[in-house]
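Dear colleague,

Please find the structure below. My notes on it follow.

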Number of protein chains: 2
Amino acid sequence: MDRAADRVYEALRAGILDGSRRGGSRLTETGLAEELNASRTPVREALRRLAAEGLVDTAPHKGARVTDWTPHDLEELYDLRSELEAHAAERAATRVGEEDLVRLAGLADQLEQQARRAQPDLEAVARINADFHDCIQAAASSRRLAAVLRSVVRVPLVLSTYHRYSPEDLRRSCAHHRELVQAFRAKDGRWARAVMTAHIAAAKDVLMRTREHPAGQPAEHPPTHFVPDSIPEPR
Amino acid sequence: MDRAADRVYEALRAGILDGSRRGGSRLTETGLAEELNASRTPVREALRRLAAEGLVDTAPHKGARVTDWTPHDLEELYDLRSELEAHAAERAATRVGEEDLVRLAGLADQLEQQARRAQPDLEAVARINADFHDCIQAAASSRRLAAVLRSVVRVPLVLSTYHRYSPEDLRRSCAHHRELVQAFRAKDGRWARAVMTAHIAAAKDVLMRTREHPAGQPAEHPPTHFVPDSIPEPR
DNA sequence: CCTTGCCGAGTTGTATGCAACTTAGGCTCG
DNA sequence: CGAGCCTAAGTTGCATACAACTCGGCAAGG
């Protein structure tokens with residue numbers, strides 16, 4: 001990460017994902033260059049990369065804007081993500097090694113321990129969850145799939161699903177993780193696919209259900225339990 | 001397309017896809033700039049775009065190379081493409097309008113007419129096939145899916161499957177197109193998905209079967225009938 | 001008052017000079 | 001004779017100047 005272009009890219013992506021750069025807001029090359037202490041060249045490169053990943057929209061001679069996602073876009077995205085993660089799970093089921101299984105089981109246990117607490121450590125939960133999904137992707141052993149999945153999964157994070165999960169949602173999520181490990185252990189691709197499909201569908205449902213409550217209104221359940229079902233950082 | 005960066009991008013992509021730029025060959029910025037009458041800046045941008053799409057590999061300070069695809073990569077790719085096109089077909093089934101159906105039926109007819117000839121017009125066949133798949137993607141009405149699909153489908157073209165299809169392969173391909181139209185007409189997503197999955201699997205099989213014959217050796221069937229199953233140009 | 005054309009400020013697109021890095025080859029030293 | 005350092009050529013990464021384009025607003029004419 002010694003290149004300025006990478007620095008700018010990371011800074012922009014982080015800003016977009018954590019919400020400090022709102023959807024629709026304009027991104028001028030000169031402005032960003034000044035703000036991030038770089039020249040326009042690396043800024044341009046970063047913007048182009050983000051555009052390729054769908055995080056910003058660009059038009060010739062008209063500049064770049066942070067893409068803002070309509071509910072319709074989000075629904076498309078979750079459907080697509082569902083297909084891709086299901087595919088990854090199916091491939092992984094017949095390719096996991098013993099060490100992967102041990103690792104996945106360990107992660108599922110950790111997740112469950114966090115979930116049982118009254119005040120789960122959100123950061124830890126997010127990290128564990130991300131590691132779990134990353135491990136599956138790695139086991140699927142398809143570089144191309146991994147790349148596509150990264151670009152698709154990254155977007156839902158714009159509206160990080162933290163503090164959206166009810167205790168019941170959380171329990172179901174943990175159960176899914178456990179069941180996935182079992183399906184992998186049985187090397188049953190169809191089983192793994194089905195569970196993963198359900199897992200993503202549940203995540204979509206949580207998002208869609210709580211979407212009307214933009215912030216500070218975490219639905220009608222107490223704000224004690226939650227788990228993000230998104231994958232914050234690849235590796 | 002008034003930008004130099006677009007010109008360079010198109011030229012490079014065309015060169016890679018038609019095989020005149022071999023996998024593994026190096027692409028230096030200065031060399032390309034001279035060759036294509038542009039400065040290094042638009043060349044850089046084009047290379048970055050191609051890298052994002054997976055057509056070239058880059059490493060910091062080490063330059064870009066045309067990615068060369070191992071048989072393993074290709075298998076991954078076709079599996080992924082199968083999922084995505086199947087998803088597109090399923091979505092399309094419940095969203096097609098009457099005008100789409102008419103158009104698709106017309107394209108399927110045209111394809112069949114070409115196929116019945118002793119000497120099908122390859123260009124026409126490729127165009128019709130591309131239009132057919134594009135129409136389905138459009139009917140699926142998911143911008144994100146369309147983008148991902150483009151980047152995934154583009155690669156198999158590196159080894160364009162022209163002159164690989166036996167007459168039997170060709171007949172099957174036509175039958176698939178016809179059946180897809182019927183499934184759409186019935187608005188049966190599962191049916192459409194199944195046919196599309198079969199369609200791509202058949203295409204993969206043709207590629208894998210004839211991969212040992214690099215060129216000039218079009219397998220054991222006479223080189224009279226063929227149809228590409230790939231999508232040359234998005235719109 | 002509305003339309004139309006023009007102008008200018010601001011932004012993106014391109015060219016190019018310079019610095020930093022990689023790598024291959026020869027040279028020195030063990 | 002071989003290993004390792006060092007240099008130099010070549011390439012990429014960055015900065016910046018300049019050209020081309022977009023779009024708001026204003027003024028003149030209908």
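**Contacts with the DNA strands**

In this predicted model, an N or O atom in the side chain of Arg40(B) is 2.9 Å from a base nitrogen of DNA strand D. This is a polar contact, that is, a pair of N or O atoms within 3.5 Å; within protein, one atom must be able to donate a hydrogen and the other to accept it, and residues adjacent in sequence count only if both atoms are side-chain atoms. The surface near DNA strand D receives two or more residues from each of helix 1 (4-17) and helix 3 of chain A, and strand 1 (26-27) and helix 3 of chain B. Helices (H or I, at least four residues) and strands (E, at least two) are DSSP runs, numbered from the N terminus.

Around DNA strand D there are 20 residues, of which Ala4(A), Ser39(A), Thr41(A), Lys62(A) and Arg44(B) come nearest; a residue is near a strand if one of its heavy atoms lies within 4 Å of it. Sugar and phosphate make up 71% of the atoms of DNA strand D that come within 4 Å of the protein. A polar backbone atom of Ser39(A) is 2.8 Å from a phosphate oxygen of this strand, and a polar side-chain atom of Lys62(A) lies 3.4 Å from a phosphate oxygen of DNA strand D.

For DNA strand C, the residues that come nearest, out of 20, are Arg44(A), Ala4(B), Ser39(B), Thr41(B) and Lys62(B). Here sugar and phosphate account for 67% of the strand's atoms within 4 Å of the protein. A side-chain N or O atom of Arg40(A) is 2.9 Å from a base nitrogen of DNA strand C. Backbone N or O atoms of Ala4(B) and Ala5(B) lie 2.4 Å and 3.4 Å, respectively, from a phosphate oxygen of DNA strand C.

**Relation of the two chains**

A turn of 180° and a shift of 0.0 Å along the axis lay chain B on chain A with an RMSD of 0.1 Å, superposed by least squares on the C-alpha atoms of residues with pLDDT of at least 70 in both. The two copies are thus related as by a two-fold rotation axis.

**Conventions**

Residues are numbered from 1 along each chain as its sequence is written, and chains are lettered from A and ligands numbered from 1 in the order in which they are written. Local features need pLDDT of at least 70 and side-chain atom pairs count only at pLDDT 80 or more, while totals for chains, interfaces and linings use all residues; side-chain values use heavy atoms, with hydrogens and water left out.

Yours sincerely
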